[in-house]
Amino acid sequence: MARINTSREDNPVLDTVSVWLYVLLVIIGLISVYSATSEVNQTFQFSFSSIAGRQLIWIGGAVIIILTIAFANVAIIDYFAYGFYGFAILLNIAVLFLGKEVSGAKSWFGFGGFGIQPSEFAKVATALAIAKYLGTYGIRFKGTRNVVITMSLFLTPMLLILAQNDTGSALVFLSFFLVLYREGLPGWILLSAVWLIVIAIARIVMEATGISHLWTMGTLSLLAALIVYFGRKNRQLIIATLFVAAASAVFSVAVGFAYTKILKGYQRDRIELVLNLKQDTRNMGYNLEQSRIAIGAGQFVGRGFLKGTQTKMGFVPEQHTDFIFCTIGEEWGFVGVLVFFGLYFGLLFRIVTLAERQSTAFGRVLGYGVVCILFFHVAINIGMTIGIIPVIGIPLPFISFGGSSLWAFTLLLFLFLKVDEKRR
Amino acid sequence: MDLHRNRKFVYLGLFSLVALVYLIQIFRLQILDDHYEQKAINNALNKIPIYPDRSIIYDRNGKLLVHNIAMYDLIVFPAKAKGIDTAQFCEIMKISGEDYHKYMATARENSKKRQKNNVFNGSAVFMSNLSKEQYSAIQENLYRFPGFSVEPKTDRLYAVKGGAHMLGYLGEASKKLLAKDPYYRPGDLVGVTGIEHTYEAYIRGVKGVKTVWQDRTYTERGEAKDNEFNSPAQAGPDFYSSIDFDLQEFGESLLANKRGSVVAIEPSTGEILALINKPDYDPNLLVGEARARSFRQLLIDPKKPLYNRAIKGVYPPGSTFKTVMALIGCQEGVLKPSTTHGCSGGYHLGSLTVGCHPHPSPTDLKGSIGISCNAYYCQLFRDIIDNPRYPNVKTGYAALEKHLRSFGLGSKLGVDLPGENKGNVPTIKQLDKRHGKSWKSSMIISLAIGQGEILLTPMQMANCAAIIANKGWFITPHLVKGIGVKKYLPDEFKKKHYTTVSELYYDWIINGMEMVTKPGGTAFGTGINDIVICSKTGTAQNPHGQDHSLYIAFAPREKPKIAIAVIVENGGYGATWAAPIANLMIENYLNRGKEPQRPDMLERIRTSTVN
């Protein structure tokens with residue numbers, strides 16, 4: 001699969017390193033899904049109706065997708081980018097009316113036993129559309145019109161998916177901010193985002209422990225006063241500092257309000273559990289604890305293939321989908337995790353390298369789109385299983401069971417690899 | 001055109017940072033904290049006990065006494081028992097709806113406790129010891145009742161109808177025991193009395209453990225093979241009792257329709273050959289689902305069938321005690337075979353009179369035992385404690401008391417049965433309290449003839465007979481002959497306990513005991529021709545009614561094989577009931593396989609009722 005010879009041009013193959021890393025990750029995923037859904041120490045048994053069997057069918061579909069892309073003309077990708085985007089937007093609107101509800105979210109089209117989640121494909125379409133837009137001759141991520149159009153390209157599907165009540169998938173679209181940084185989004189905006197997250201977390205901690213807003217105000221005033229004192233010769237700095245302090249104070253109050261008045265109880269629970277503000281051995285806290293137990297039980301070399309009791313006996317929730325990383329951690333231990341991280345982050349690094357060697361903005365933006373989406377998923381998903389990020393239900397790309405996500409990520413990666421193959 | 005090329009390092013840095021932070025957190029979970037593996041094991045492993053068979057109990061000749069039968073407990077996991085058609089369930093199990101809710105409430109409570117301990121899953125016994133009908137009915141219908149399951153265990157099956165008091169019975173582990181010993185689970189059967197109780201630790205065997213995987217909903221997900229916790233159940237080792245069950249059964253038939261007790265001991269080993277109490281009960285009453293009900297009935301039965309007189313009942317030893325007094329007299333140097341005392345219808349001292357039956361007078365030591373002269377022993381008693389060797393009566397009495405205690409009297413013998421009574425050898429303190437500080441020998445003279453404050457269990461009486469047979473020592477009487485293939489016998493049943501009376505004097509007393517069944521003896525006419533029986537009758541005054549009929553004996557004189565004590569409550573003279581019963585049992589034991597010499601006597605004893 002790695003050496004698909006398509007033409008006699010300069011780069012006759014898809015990037016070998018990426019393809020191999022992809023193949024290894026998908027195989028690890030299949031093994032993990034098989035293990036997560038079998039009995040302890042079960043002898044090998046396989047059927048296409050089992051979950052692992054269905055994953056294998058999905059993988060078969062992914063191979064067809066890869067072959068199709070490999071033999072397709074690269075111009076099609078560019079040509080149909082907007083069309084694909086428009087189609088994805090339509091599907092995501094349609095699913096609001098025609099979709100079936102799965103655990104509270106209306107984000108699935110059901111076809112008999114199988115389902116398709118249009119939000120997964122919206123990621124691909126959005127990455128393509130933004131790449132296409134920013135790749136258009138004469139357009140850069142600068143100027144109000146361009147910025148607004150770029151932002152609407154990914155905020156539109158994000159809002160639609162929020163409307164589907166699939167918060168996790170919607171949040172993924174925030175990763176496009178990361179993409180835009182490469183295209184010139186000022187660093188201070190991202191830094192502000194980080195600053196706001198710090199303020200928000202601080203406020204939530206205070207809110208949950210009953211500390212008054214006055215403390216926030218006091219701390220902010222003190223910080224601002226210090227900066228103003230040491231930079232008193234720089235007028236601009238003083239103005240900026242005062243502005244930031246005032247904005248932060250307003251934001252802090254807003255977060256406090258949103259946290260107590262807008263967020264639902266279970267959402268607050270998730271956040272508080274991760275911030276260690278709450279001990280809960282039932283429900284969500286139980287799930288998180290079980291997830292940590294699963295990974296912790298793996299120790300150095302793991303409990304062995306098919307020997308992970310945590311992940312097979314239903315202690316860990318969503319053991320073959322969102323929490324699939326627990327199976328890797330429990331059965332293969334720290335050694336397995338190191339290998340897995342090596343492969344995964346290896347792929348991310350590789351894609352950055354590929355993106356950087358693109359001669360077109362289209363290729364580069366698409367590459368960064370791919371890597372940022374993947375990174376966002378990995379960071380959120382694994383962070384959630386090891387208890388440092390609140391539970392947000394998004395899959396681990398290539399590993400979690402599920403056709404929509406596997407196909408969408410395959411499509412995403414290989415469209416870019418195809419573009420990379422034909423780079424000039 | 002590309003102004004931000006260097007920003008790629010921000011991405012690489014961000015990815016690396018996240019990877020690093022995550023790896024550190026995973027390192028903490030997997031390597032630094034080693035509690036998680038145990039937590040995972042506690043989550044998923046359920047240890048299910050496998051019940052072993054209890055020991056099979058045989059008598060000394062290898063006759064099967066007690067074995068096992070498969071029984072079933074109905075187990076429920078309350079959290080899963082949802083939507084049960086209670087009416088149908090009760091119909092099938094033949095229980096009332098009230099019972100159902102009562103059982104379920106108990107099970108729920110136990111289930112909670114167990115989950116708290118995190119040792120087993122939350123299942124608990126709903127009903128134990130199902131009847132055959134209940135078992136087959138529920139087995140067919142289990143699928144209708146989620147959360148219910150049937151767990152096998154074994155219960156006792158008795159091959160014999162007698163021996164109830166020495167075998168003992170099983171009962172469900174008490175709350176106290178459950179709290180004390182984690183080996184037991186609610187509903188487990190444990191030995192409550194008898195051999196079953198004393199040797200519980202051996203007889204119960206060793207429970208096995210089957211570990212199974214269980215998922216979050218406590219549903220079993222297959223056996224955990226090669227698990228370190230797995231172990232097979234080990235059946236209790238074969239238990240050989242010292243009882244001669246043929247003798248036991250024979251004795252029980254003699255004591256039928258009477259109230260009393262028989263204890264027979266093999267003197268050389270201390271092995272108990274027979275331990276009989278009447279009234280008694282059929283041990284088969286206390287098994288299976290009828291156990292609790294039968295037990296309640298037996299408990300309130302005014303005839304006290306559960307009462308183990310042989311070790312719990314205390315009686316004044318009456319004239320049988322004269323043998324011991326004579327031995328002590330010899331040891332104290334105040335009695336020789338040639339010592340004679342006259343008897344004029346009793347012992348007279350001032351206003352005090354201890355009556356005696358008419359007999360030739362005077363008598364020597366041998367004669368005094370043969371005809372059981374009261375006057376002789378009153379004189380002897382005074383000679384012992386008023387001995388000028390001793391400064392006063394209390395030091396004299398102290399010497400007597402010390403001798404008595406060396407016969408195992410006034411304290412528990414240490415028989416391998418629970419609840420043994422100490423009996424009573426009055427202490428000086430007791431006598432002070434009863435008679436005032438300045439008592440004299442004449443005031444406690446009834447002790448001379450085994451009356452008054454002196455109290456013995458039938459076991460102690462039989463042990464006295466064994467001591468005389470052994471000429472000065474005994475081994476603590478016991479019901480165990482050997483446990484398991486190696487016939488293990490606890491060390492305490494190998495040790496000889498010596499009395500303070502020298503071996504030299506025993507023959508003098510035995511000479512007299514040989515006279516008892518001979519012409520002129522108190523039990524003449526109850527003897528067995530070809531066996532030299534050495535014995536002593538007793539008639540214990542009983543303030544509550546008719547005298548108790550007592551008899552101790554051993555036989556044959558040379559190399560004694562059996563020592564025996566018989567008490568028939570309210571039976572009157574020792575020679576009337578106790579002596580024939582003991583002698584017939586001696587014959588049964590020593591002349592096994594021969595025609596009984598005294599079919600008339602046998603028939604009379606068997607068919608008589610004594611109340």
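Mentor: Before we start, a crossing counts as left-handed if the near helix is turned anticlockwise from the far one by less than a right angle. Keep in mind that this is a predicted model.

Trainee: Okay, so which hand is the crossing where α1(A) passes α14(A)?

Mentor: First find the pair: helix α1 covers residues 16-36 of chain A and helix α14 covers residues 324-356. Among the residues making the contact are A:Leu21 and A:Ile28 of α1(A), with A:Phe340 and A:Leu347 of α14(A). By class, that contact has 15 nonpolar, five polar and two charged residues. As for the hand, the crossing is left-handed.

Trainee: And are α1(A) and α14(A) roughly parallel or antiparallel to each other?

Mentor: Their axes lie 10 Å apart, and the packing angle is about 160°. Angles over 145 degrees fall in one class, so α1(A) and α14(A) are roughly antiparallel.

Trainee: Switching to A:Gly110, is that residue buried or exposed?

Mentor: A:Gly110 sits in strand β2, residues 105-111 of chain A. Leaving aside neighbours within four places in sequence, A:Gly110 is in contact with A:Lys100 and A:Gly115. The cut-off for this class is 12 or fewer other C-beta atoms within 10 Å. A:Gly110 has 12, so the residue is exposed.

Trainee: Now chain B: what is its radius of gyration?

Mentor: The chain has 21 helices and 20 strands, and its C-alpha trace spans about 145 × 55 × 45 Å along the principal axes. For 611 residues the globule rule gives 25 Å, and chain B is well over that, so it is more spread out than a compact globule. Its radius of gyration is 34 Å.

Definitions and conventions: Residues numbered from 1 in each chain as written. Chains lettered and ligands numbered in written order. Predicted model: local features only at pLDDT ≥ 70, side-chain atom pairs only at ≥ 80, totals over all residues. Axes fitted to C-alpha atoms, helices over the stretch in contact; angles between N-to-C directions. Helix = DSSP H or I, 4+ residues; strand = E, 2+ residues; numbered from the N terminus. Parallel < 35°, antiparallel > 145°, perpendicular 65-115°, else oblique. Contact = placed C-beta atoms within 7 Å. Nonpolar A, V, L, I, M, F, W, Y, C, P; charged D, E, K, R; others polar. Buried ≥ 20, exposed ≤ 12 C-beta atoms within 10 Å, placed from the backbone. Rg over C-alpha atoms; globule rule 2.2 N^0.38 Å.
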